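User: I'm new to this structure and would like to learn how to read it. Could you walk me through it feature by feature?

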Amino acid sequence: DVVPILQKHCIACHVAGQQGAEASGLLLDTHASLMQGSRFGPVINPGSAMTSSLYIMISGEERLTVNMPHGSAPLSGDEIETIRLWIESGASES
C-alpha cells in the first residue's frame, strides 16, 4: 500500500540525480534505501511514526519550514494514515 503512495508523491525527486536525493541524500527507489535514511540520519523509526521524520514531514504534525512533498500538493489524509500505520506496524518490506 505504501509503494504506490511513494511513487505518486516522492520518487520523482528522491532517486539518484534528482533534487530531493541531491539535497538530502534520501533515496526512495528501494525499501533498503528508504530504511538507510538520509545524510541527516534515519527517516523511519519502525514502530513509531511520531519519531519518524518521513511521517513528520508528510503529516504536517509539526510546524516545519519545509513539508513534503516540496512544492506539490500534500498527501491525502488516507495516504498519510496508510504510511503512519505502516511505520507503526514495523515498516516491513512486504
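Analyst: Let's start with a word we'll use a lot: buried means under 20% relative accessible area, exposed means over 50%, and partly exposed is in between. Arg 84, with a relative accessible area of 23%, is therefore partly exposed. Keep in mind that this is a predicted model.

User: Good, so let's stay with Arg 84. Which side chain does Arg 84 meet in a salt bridge?

Analyst: The general idea comes first. Side chains of opposite charge can pair when their charged atoms come close. Here, Arg 84 pairs with Glu 81, at 2.8 Å from N to O. The two residues both sit in helix H5, three residues apart, which is about one turn of the helix. Glu 81 is partly exposed too, at 32% relative accessibility.

User: How many salt bridges does a search of the whole structure find?

Analyst: Two. The other case to look at joins Lys 8 and Glu 79, whose closest N and O atoms are 3.5 Å apart. This pair links distant parts of the chain: Lys 8 belongs to helix H1 (residues 2-9) and Glu 79 to helix H5 (residues 77-88), 71 residues apart.

User: Are Lys 8 and Glu 79 buried or exposed?

Analyst: One of each. Lys 8 has a relative accessible area of 61%, over the 50% cut-off, so Lys 8 is exposed. Glu 79 comes in at 13%, under 20%, so Glu 79 is buried.

User: What else does the side chain of Glu 79 make a polar contact with?

Analyst: With the side chain of His 9, at 3.0 Å. His 9 is in helix H1 and counts as buried at 18% relative accessibility. If you set aside the neighbours within four places in sequence, His 9 is in contact with Pro 69, Ala 73, Pro 74, Leu 75 and Glu 79.

User: Next, cysteines. How many disulfides does the structure hold?

Analyst: A disulfide is a covalent bond between the sulfur atoms of two cysteines. This structure holds zero.

User: Why is there no bond between Cys 10 and Cys 13?

Analyst: Because their sulfurs are 8.8 Å apart, too far for a bond; the cut-off for a disulfide is 2.5 Å. Cys 13 has no nearer cysteine sulfur than that of Cys 10. As for accessibility, Cys 10 is buried at 11%, while Cys 13 is partly exposed at 36%.

User: How do I read a residue that lies in a loop? Where is Ser 38 found, for instance?

Analyst: Look at what flanks the residue, then at what surrounds it. Ser 38 is in the loop between helix H3 (31-36) and helix H4 (53-59). Ser 38 is buried, with a relative accessible area of 17%. A polar atom of the Ser 38 side chain lies 3.0 Å from the backbone nitrogen of Phe 40. Not counting residues up to four places away in sequence, Ser 38 touches Ser 24, Gly 25, Leu 26 and Val 43.

User: And inside a helix? Which residues is Ile 58 in contact with?

Analyst: Ile 58 lies in helix H4 and is buried, with a relative accessible area of 6%. Leaving aside neighbours within four places in sequence, Ile 58 is in contact with Met 68, Leu 75, Ile 80 and Ile 83. You can also compare sequence and space: Ile 58 and Gly 71 are 13 residues apart in sequence, and their C-alpha atoms are 12 Å apart.

User: What about pockets? How much space lies in the largest pocket?

Analyst: About 540 Å³. To read a pocket, check who lines it. This one is lined by 26 residues, and those nearest its centre are His 14, Gly 20, Ser 24, Met 57 and Met 68. The elements that give two or more residues to the lining are H1, helix H2 (19-24) and H4.

User: One last thing, the backbone angles. What phi does Ala 91 have?

Analyst: A positive one, of about 55 degrees, although Ala 91 is not a glycine. You'll find Ala 91 in the segment after H5. Ala 91 is buried as well, with a relative accessible area of 2%.

Key
Residues are numbered from 1 along each chain as its sequence is written. This is a predicted model: local features need pLDDT of at least 70, side-chain atom pairs count only at pLDDT 80 or more; totals for chains, interfaces and linings use all residues. Side-chain values use heavy atoms; hydrogens and water are left out. Buried means under 20% relative accessible area, exposed over 50%, partly exposed in between (1.4 Å probe, protein chains only). Helices (H or I, at least four residues) and strands (E, at least two) are DSSP runs, numbered from the N terminus. A polar contact is a pair of N or O atoms within 3.5 Å; within protein, one must be able to donate a hydrogen and the other to accept it, and residues adjacent in sequence count only if both atoms are side-chain atoms. Contact means heavy atoms within 4.5 Å. A salt bridge is a side-chain nitrogen of Lys or Arg within 4 Å of a carboxyl oxygen of Asp or Glu. On a 1 Å grid over the protein atoms alone, a cavity is a set of points where a 1.4 Å probe fits but cannot get out, and a pocket is an open set with protein on both sides within 12 Å along at least five of seven lines; lining residues have an atom within 4 Å of a point. Grid points are joined across faces, edges and corners, and a volume is the space filled by probe spheres set on the points.
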